[in-house]
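Reader: I have a fold to study, and I keep meeting terms without reasons. Could you take me through them?

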Amino acid sequence: MIASLRGTVLDIQLDYVVLECAGVGYKVLATPTTLGTLQRGEEAHVMTTLVVKEDSMTLYGFTSTDDRDMFHVLQTVSGLGPKLALAALSVMGAGDLAQAIAGEESARLQKIPGVGKRMAQRLVLELKDKVSGFAPALSDVPPATPTATGPVVDDVVEALVGLGFSDKAARPVVEAVAAEQPDAATPVVLRAALSQLGAKK
């Protein structure tokens, strides 16, 4: 089991990073949140898990042990594999997922790409008693911050789509950047989003 990697970031793409460790380049699939913390040419430390199948060995990377542990817990659900687990963590972090599951928020879980009504119900049914360690008490959780929307978000997403990114890949990243920098102008948000998406300058 490869539990973590520390090395130089050689390349960042939409859904993976290449880390060079002791002369070996490792391709690590990761969420936009994880990729957004990395910079080409800089040293990075990523928590990892290796998924071995008959025809492949795939590394998945995370910035926190909670996300990595949730990645494993999600896959205990029947019919839910590593790709869907990573998609879930791309939409919500471990804590948010735990809250949605514990609160039986099926509609919220259906916002995850690939999760329909049946899978959302299965997540709640099979994991409700397994996620308490990931989420703080509901009384300690502040109100959720509304998702950033508006003309700046739409303009930046449109620009990224014009550069070849899909709306599905670009919009969550742009919304996250705009939420962190609510007063930023369109060019600033665009540059930040491009950086997180791993676009080459």
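Author: Start with pairing, since the fold rests on that word. Two strands pair if DSSP finds at least two bridges between them. This is a predicted model. In it, five strands close into a barrel, in the order β1-β2-β3-β5-β4. The twist averages 55 degrees from one strand to the next.

Reader: What makes β1 and β2 a pair?

Author: Count the bridges. Strand β1 (residues 4–12) and strand β2 (residues 16–21) share four bridges. The cut-off is at least two bridges, so they pair. The sense is antiparallel. In β2, D11 has V18 as its bridge partner, and V9 has L19. Three residues lie between the strands of this hairpin.

Reader: How do you know that β2 pairs with β3?

Author: By the same test. Six bridges join β2 and β3, again in the antiparallel sense. At least two are needed, so the pair counts. L19 has Y26 in β3 as its bridge partner. These strands also form a hairpin, with two residues between them. A22 in that turn has a positive phi of about 55 degrees.

Reader: Why is the pairing in the barrel called mixed?

Author: Look at what β5 does on each side. Strand β3 (residues 24–30) and strand β5 (residues 56–62) run parallel, joined by three bridges. L29 stands opposite Y60 there. Strand β4 (residues 43–53) and β5 run antiparallel, joined by seven bridges. In that pair, L50 has L59 as its bridge partner. Parallel in one pair, antiparallel in another: the barrel's pairing is mixed. β4 and β5 also form a hairpin, with two residues between them.

Reader: Which helices lie against these strands?

Author: Two to note. Helix α2 (residues 65–74) packs on the sheet and touches β4 and β5. Its direction makes about 10 degrees with that of β4. Angles under 35 degrees count as roughly parallel, so α2 is roughly parallel to β4. Helix α3 (residues 82–91) lies across β3, β4 and β5. It runs at about 15 degrees to β5. That is under 35 degrees too, so α3 and β5 are roughly parallel.

Reader: What makes α2 and α3 oblique to each other?

Author: Their angle. The two helices pack at about 135 degrees. Roughly antiparallel needs over 145, and roughly perpendicular spans 65 to 115. An angle of about 135 degrees fits neither, and therefore α2 and α3 are oblique to each other. Their axes are 9 Å apart. The crossing is right-handed. On the α2 side, D67, M70, F71 and L74 take part in the contact. They meet P82, A85, L86, A88 and L89 in α3.

Reader: Which residues of α2 are called buried, and what covers them?

Author: Buried means under 20% relative accessible area. In α2, D67, R68, M70, F71, V73 and L74 are buried, so each falls under that cut-off. Their cover includes β4, β5, α3, α4 (94–102) and α6 (117–127).

Reader: Where does a record annotate this chain?

Author: The unreviewed UniProt entry has "domain: Helix-hairpin-helix DNA-binding motif class" over residues 72–91 and 107–126. In the model, residues 72–91 are 65% helix and 0% strand. Their end C-alpha atoms are 16 Å apart. Residues 107–126 are 65% helix and 0% strand, with end C-alpha atoms 16 Å apart.

Methods: Residues are numbered from 1 along each chain as its sequence is written. This is a predicted model: local features need pLDDT of at least 70, side-chain atom pairs count only at pLDDT 80 or more; totals for chains, interfaces and linings use all residues. Side-chain values use heavy atoms; hydrogens and water are left out. Axes are lines fitted to C-alpha atoms, for helices over the stretch in contact, and angles run from 0 to 180 degrees between N-to-C directions. Contact means heavy atoms within 4.5 Å. Buried means under 20% relative accessible area, exposed over 50%, partly exposed in between (1.4 Å probe, protein chains only). UniProt positions are given in the numbering used here, feature names are shortened, and annotations may be inferred rather than shown by experiment. A crossing is left-handed if the near helix is turned anticlockwise from the far one by less than a right angle, and right-handed if clockwise.
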